[in-house]
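Please open the model in your viewer, switch to a ribbon display, and keep the sequence panel beside it. The tour below goes from stop to stop, saying at each one what to select and what is to be found there.

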Amino acid sequence: MENSKKHPLIEDYGLIGNLNTTALVSKQGSIDFLSYTRFDSPTIFGALLDREKGGFFSIEVECEQVNHKQLYLPDTAILLTRYLTNVGIAELTDFMPLEEEENQFILVRKLKVIKGNLNIRVELRPRFEYGKYEFNLEQEDDHLVMRSKGPEANTCHLLCNLDFKMEGASLTTEICLNAGDEINFALVSANTEHSESNKSKSLEYYANQSFENTIHFWRNWTNKSTYTGRWRDIVNRSAITLKLLTSCRYGSPIAAATLGLPERIGAERNWDYRYTWIRDAAFTMYSFLRLGYADEARKFIAWIQQRSLEIDTAEALKLMYRIDGTINLEEVTIPHLEGYQGSDPVRAGNDAFNQFQLDIFGELIDTIYLYNKNAEPISYDFWLSLIKFIDYVCQHWKRKGHGMWEVRDEKREFLISKVMSWVALDRGIRIAENRAFPAPLERWRQTRDDIFNDVFNNFWNPELGAFVQYRGATTLDASALLIPLVRMLSPKEPRWISTLRAIEKELVTDSLVYRYKLSNGASDGLSDDEGTFSMCSFWYIECLAKSGQLEKAILCFEKMLGYANHLGLYSEQISLNGEQLGNFPQAFTHLGLISAAYQLRLLLTQDNMS
């Protein structure tokens, strides 16, 4: 892979996974990102962050002009990459069979020539521990073992019937294939059991039976969705993406598949999103519940219940965790990686896990309320653990924090923290009343009313005609779009309508929405700008629809669909030139899409019935 070759853009990738980890496959057929062997593990392929040092697994058709196309097999996470040339066509199928154990890893690549005779070049360049270590090669029977030169000596096995050679620090092979020819590759972790007596049979199993099993899994899963009607395909794709980002072992979803992708090219907002944020996870479960996926919500409820049992006080609840519930998230930089298009530093870990963000309690209790209402009743023991969270909000709703945008300098009384504190109390009251659980309802109701009055009177700026980002601010914040979505205010409340107009004037560009203007809002300690937040765009669309502007909402929604990549995937942000920015794909954006589509379809149905 030469330096002269253009670096693929963030949006030039598709996502595959096995519900333990994920990989990104470029339009050109190169796997350029893979955390090995679970979501929050160090990478084995990281060319997305450094073309020379990161590592990759590329399959190329050697031809002067190749047109590349990608698509998913419908309703699956199986990715097809097509190589279209004047002399022939080849098709690459990439997927990861689903395994129960997180250290059982299989990546299958199937290349078939559809037409013509084509020269194929394969290069496998694993780089262990975020590109830090090269590998030693060993031959075991008819498969190759790549063992890290690092102290942990991680290994992976390559099963393939081709002859590879060492070329520098890469495994390479070249072959001419005719129409109908097919070659298969299986990259397998050392802990995965496979036949020692017949590796070719194992390769055949991975390429054929595992392929069928994977198709059946994804189509059976997608068929469980209760969503019907308009935009079903894109909603299904977003649901599959959320599923790919959720651990099958622990039930915990991660915020995004990657680390280190910049929010502006060449700048330093390059965070690690491969962890379970309480906020993001709660919203993800909300989306699953709306689509009828109660099992996913049930697993997450069990995960969060375990976290609540591990702590003595509500204050000990962390903002984010590793997928297994541990909190060893110390943030470090990876100095030997140059970063995506030179955007450094590349960070692993995330120091924000120690921040105080009051809003997480509201998002969490809201999701548990919906689960209790729409899936199955929560246990009384679980309710007792929730009481300490709700009581904590009662006692600390005035406490300053870092807010949902994780600003890293001065703590403030953020509007969204107050709104979600109100939600925590409101939903706690509703659960207690619905289940007749013992609870200090009188105190909770009084505190809920106090928070409402504080927001309505003290966060309102009459000169701006809007609710502002924090107490005393003159800055607008797109998180205010959640106020009618969580039903704190009616979408037709005069002060809210005025706030929506102010947000449109200040933060909205067509259908694209900035979270806030960094120049005069709460600072995160960094000086550079960022793109628009796609999640906020979908909040805006919902607010338009709820306020009675359904046609405008649908138009904005359709425009936002146009900002997805060729596979229907979104990163965190979009620049004004349409480029995707930030970690990719991001769960928040996809769950925002699902929520907006659900609301629009609901209102359309009501209009048709009236």
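Before the first selection, one term is needed: two strands are said to pair if DSSP finds at least two bridges between them. Please also keep in mind throughout that this is a predicted model.

**First stop: a sheet of eight strands**

With that term in hand, select strands E13 and E16, which pair in the antiparallel sense over 4 bridges. If you show side chains here, you can look for Cys156, which stands opposite Ser189 in E16. Stay with E16, residues 182-189, and colour it by accessibility: this strand is mostly covered, since 7 of its 8 residues are buried.

Now move to the other neighbour of E16 by selecting strand E9, residues 106-116, which is joined to E16 by 7 bridges and runs antiparallel to it. In this pair, Leu107 is the residue that stands opposite Leu187 in E16.

Return to E13, residues 155-159, and add strand E12, residues 143-148; 5 bridges join these two antiparallel strands. Here Val145 of E12 faces a partner in E13, namely His157, which stands opposite.

You can now select the whole sheet, an open one of 8 strands that follow the order E6-E7-E8-E9-E16-E13-E12-E11 with antiparallel pairing. At its edges you will find strand E6 (67-72) and strand E11 (135-140), each of which pairs on one side only. As you rotate the view, note that neighbouring strands of this sheet are turned by 20° against each other on average, when direction is ignored.

**Second stop: the loop at Thr85**

Which two strands does the loop that holds Thr85 lie between? Select Thr85 and follow the chain both ways, and you will see that the loop lies between strand E7 (79-84) and strand E8 (88-95). Thr85 has a relative accessible area of 14%, and because buried means under 20%, Thr85 counts as buried.

Show the side chain of Thr85 and look for its polar partners in the backbone. The side chain reaches the backbone oxygen of Gly88 at 2.7 Å, and a polar atom of the same side chain lies 3.1 Å from the backbone nitrogen of Val87. Leaving aside residues up to four places away in sequence, Thr85 touches Val61, Cys63, Gln65, Val66 and Leu118.

**Third stop: strand E5 and its two partners**

Select strand E5, residues 56-61, where 6 of the 6 residues are buried. Phe56, Ser58 and Glu60 point one way from E5, while Phe57, Ile59 and Val61 point the other way, and all of them are buried.

Add strand E3, residues 30-35, which is joined to E5 by 2 bridges and runs antiparallel to it, and then strand E10, residues 118-125, which pairs with E5 in the antiparallel sense over 6 bridges. Phe57 is a useful residue to centre on, since it stands opposite Ile31 and also opposite Leu124 in E10.

**Fourth stop: Thr173**

Next, select Thr173, whose place is in strand E15, residues 170-177. Is Thr173 buried or exposed? With a relative accessibility of 8%, Thr173 counts as buried. A polar atom of the Thr173 side chain lies 2.8 Å from the backbone oxygen of Asp163. Asp163 is also one of the residues that Thr173 touches, among them Ile120, Arg121, Val122, Leu162 and Phe164.

**Fifth stop: two crossing helices**

Two packed helices are described by the angle between their axes and the distance between the axes. Select helix H5, residues 294-310, together with helix H7, residues 380-396: their axes come within 10 Å and cross at roughly 65°. The crossing of H5 and H7 is left-handed. To see the contact itself, show Ile301, Ile304, Gln305 and Ser308 in H5, which meet Phe382, Ser385, Lys388 and Phe389 in H7. By class, this contact has 4 nonpolar, 3 polar and 1 charged residues.

**Last stop: a sheet of three strands**

Finally, select strands E25, E26 and E27, which form an open antiparallel sheet in that order. Strand E25 (532-533) and strand E27 (580-581) each have a single partner strand, so one side of each is left without a neighbour in the sheet. E25 and strand E26, residues 573-574, are antiparallel and joined by 2 bridges, and within this pair Phe533 has Gln573 in E26 as its bridge partner.

How values were computed: Residues numbered from 1 in each chain as written. Predicted model: local features only at pLDDT ≥ 70, side-chain atom pairs only at ≥ 80, totals over all residues. Heavy atoms only, no water. Axes fitted to C-alpha atoms, helices over the stretch in contact; angles between N-to-C directions. Buried < 20%, exposed > 50% of the residue type's maximum accessible area, 1.4 Å probe, protein only. Left-handed = near helix turned anticlockwise from the far one by under 90°. Contact = heavy atoms within 4.5 Å. Nonpolar A, V, L, I, M, F, W, Y, C, P; charged D, E, K, R; others polar. Polar contact = N/O pair within 3.5 Å; in protein donor to acceptor, adjacent residues only side chain to side chain.
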